[in-house]
Amino acid sequence: MTISLADAKSQLTIYDSLTQQKQALIPLSAGKVGMYVCGMTVYDYCHIGHARVMVAFDIVVRWLSQIGYEVNYVRNITDIDDKIIARANENDEPISALTERFTRAMHEDAATLGCLSPDAEPRATDYIGEMQQMIETLVNSDYAYTGNNGDVYYAVERFADYGKLSKRKLDDLQAGSRVEVETDKRNPFDFVLWKAAKPDEPQWASPWGQGRPGWHIECSAMSTKALGATFDIHGGGHDLQFPHHENEIAQSEAATGCQYARNWMHVGFINVDGEKMSKSVGNFFTIREVTAKYHPETVRFFLLSSHYRSQVNFSDKALDEAHNSLSRLYQTIKVAQQNQGQALTIDSDSVTAAYNNNFGQKFISAMNDDFNSSAAISVLFELAREVNKAIKVGDATSAWQHAQQLKVLAQILNLLQLPVEQFLQAAVGAGSENRMSDNAIDALIQDRAQAKANKDFARADAIRDELKEAGIELEDSATGTTWRRA
């Protein structure tokens, strides 16, 4: 049976980290999905792990929208935090200047990776009042208390389900704990909701004195303000599952008496050359460093080539392979366009047609299976093979139809949407900054054309060899010579 995009809604399943199984997405409001994703703490440039979270939830939003959901995508910004204060002091600059600069950088990095902007992007410092209201509710219901140091703590032992997301039992945590017991806490795993003011730190008036919020409370306050006490999807990196998301559940459900999030999604870790990425071991890479070396779409393709929940190994070799694979898809589109004598375009008819055959149905099944972008990309390569086979046997109609379908389906992943030459002529990889410039390549191609016109074929062949040695592949056709980087 053929599944239409409209019918695909009912087939979508999401792996829920809390139940640890796939379950159908049944939104609180029919046809609408509210999703909250933990965003960045804006004190430094975003790294490749942030990129994976950005791209993963970008795909979630794109697919939900494609199958007909109205999505309210909320991603917060943490603009007050110990790290922010320390970095601002280190730089001898106002906190607001630091956070504004890195918020802009974050937006630029997300756009570079082809990610849609969230529908709302609440900042922690704009929701101090909501945080205080939630803390006051918790204090009044004995889920929170004030320590002798003036900090307000959440009492984890009061929440019977503490640990249900991470599957960690409080008794086991306490038994194996190396956490030094603070005399101001009743339990070493109690966490701070409100921090008493310290000299030369940002502070706000509160019922518990001057101070500032703890990290965990901000997401509970902002998500419930934006989406309600219960919402459909809560997402973030796997590293946030414990303690951040565990603490969010405890404080939110204690404060509202409602289930917090109906589906929990967590993006897997990125390892670098087999080791967990860490500044301390020197294998830490920012999005800007990586996209200066590799085309941003190559980075996006690399991230989407693995399921979002899996661990990914990041390396130059892996990115080289990603670039080569994506180049093959672009080359397929280029050949199809040359064969047809026109550029591929996407319209409503081509979108509808793209999902009505076997390849379109396989694509729907992949994306409906917990947003399996890796399986979806496999469908793109199947289509590329069909294009090349059709061209080889002279079936221009079939080649063009499959090429159109390839471009339409890739649009959901925001791949293959650039002009072909723009991607194929990009200098990427190690030493790319030293590679032959576009202008130099074009000049040699003109020299070669002149040599051929003068019947100096030895010179023409020598120029081709020179370009090939520089990693430039030439393609001659009736309309002229084009080139791409190998």
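## Pockets, a cavity and two helix crossings

The protein has 18 helices and 15 strands, and the model you're looking at is a predicted one. Its C-alpha trace spans about 90 × 60 × 40 Å along the principal axes. Of the 486 residues, 52% are buried. Take contacts between residues at least 6 apart in sequence: 75% of those join residues at least 24 apart.

### Exercise 1: the largest pocket

Find the largest pocket and work out which elements line it.

*Solution.*
- Start with the volume: the largest pocket holds about 1,400 Å³ of space.
- Next, get your bearings. The lining counts 47 residues, and T41, K83, W215, D239 and L240 are the closest to the pocket's centre.
- Now go through the elements. At least two lining residues each come from helix 2 (48-66), helix 3 (82-91), strand 7 (191-196), strand 8 (211-213), helix 7 (215-227) and strand 9 (231-237).
- Which element gives the largest share? That's strand 7, with 4 residues.
- Finish with chemistry: the lining splits into 19 nonpolar, 14 polar and 14 charged residues.

### Exercise 2: the second largest pocket

List the lining of the second largest pocket and sort it by class.

*Solution.*
- The volume here is about 200 Å³.
- Select L28, S29, K32, V33, G34, E70, V71, N72, L227, T230, F231 and D232, and you have the lining.
- Strand 3 (32-37), strand 4 (70-75) and strand 9 each give two or more of these residues.
- Sorted by class, the lining has 5 nonpolar, 4 polar and 3 charged residues.

### Exercise 3: the enclosed space

How many cavities of 30 Å³ or more does the structure hold? Once you know, describe the largest cavity.

*Solution.*
- The count is 1.
- The largest cavity has a volume of about 80 Å³.
- Around the largest cavity sit R52, V55, A56, I59, L303, L304, S306, Y308, F371 and S373.
- Helix 2 and helix 10 each supply at least two of the lining residues, and helix 2 has the largest share with 4.
- By class you get 7 nonpolar, 2 polar and 1 charged residue.

### Exercise 4: helix 10 against helix 11

Describe how helix 10 and helix 11 are oriented, then pick out the contact residues.

*Solution.*
- Fit the axes of helix 10 (residues 296-304) and helix 11 (residues 316-340): they come within 9 Å and cross at roughly 105°.
- Angles of 65 to 115 degrees count as roughly perpendicular, so helix 10 is roughly perpendicular to helix 11.
- Helix 10 brings E297, T298, V299, F301 and F302 to the contact, where they meet A318, L319, A322, H323, S325, L326, L329 and Y330 of helix 11.
- That contact divides into 9 nonpolar, 3 polar and 1 charged residue.

### Exercise 5: helix 5 against helix 7

Do the same job for helix 5 and helix 7.

*Solution.*
- The axes of helix 5 (residues 128-140) and helix 7 are 9 Å apart, and the packing angle is about 105°.
- It follows that helix 5 is roughly perpendicular to helix 7.
- From helix 5, E130, M131, M134 and I135 take part; from helix 7, I217, E218, S220, A221, T224 and K225.
- Sort the contact residues by class and you find 5 nonpolar, 2 polar and 3 charged.

Methods. Residues are numbered from 1 along each chain as its sequence is written. This is a predicted model: local features need pLDDT of at least 70, side-chain atom pairs count only at pLDDT 80 or more; totals for chains, interfaces and linings use all residues. Side-chain values use heavy atoms; hydrogens and water are left out. On a 1 Å grid over the protein atoms alone, a cavity is a set of points where a 1.4 Å probe fits but cannot get out, and a pocket is an open set with protein on both sides within 12 Å along at least five of seven lines; lining residues have an atom within 4 Å of a point. Grid points are joined across faces, edges and corners, and a volume is the space filled by probe spheres set on the points. Ala, Val, Leu, Ile, Met, Phe, Trp, Tyr, Cys and Pro count as nonpolar, Asp, Glu, Lys and Arg as charged, and the others, Gly among them, as polar. Axes are lines fitted to C-alpha atoms, for helices over the stretch in contact, and angles run from 0 to 180 degrees between N-to-C directions. Angles under 35 degrees count as roughly parallel, over 145 as roughly antiparallel, 65 to 115 as roughly perpendicular and the rest as oblique. Contact means heavy atoms within 4.5 Å. Buried means under 20% relative accessible area, exposed over 50%, partly exposed in between (1.4 Å probe, protein chains only).
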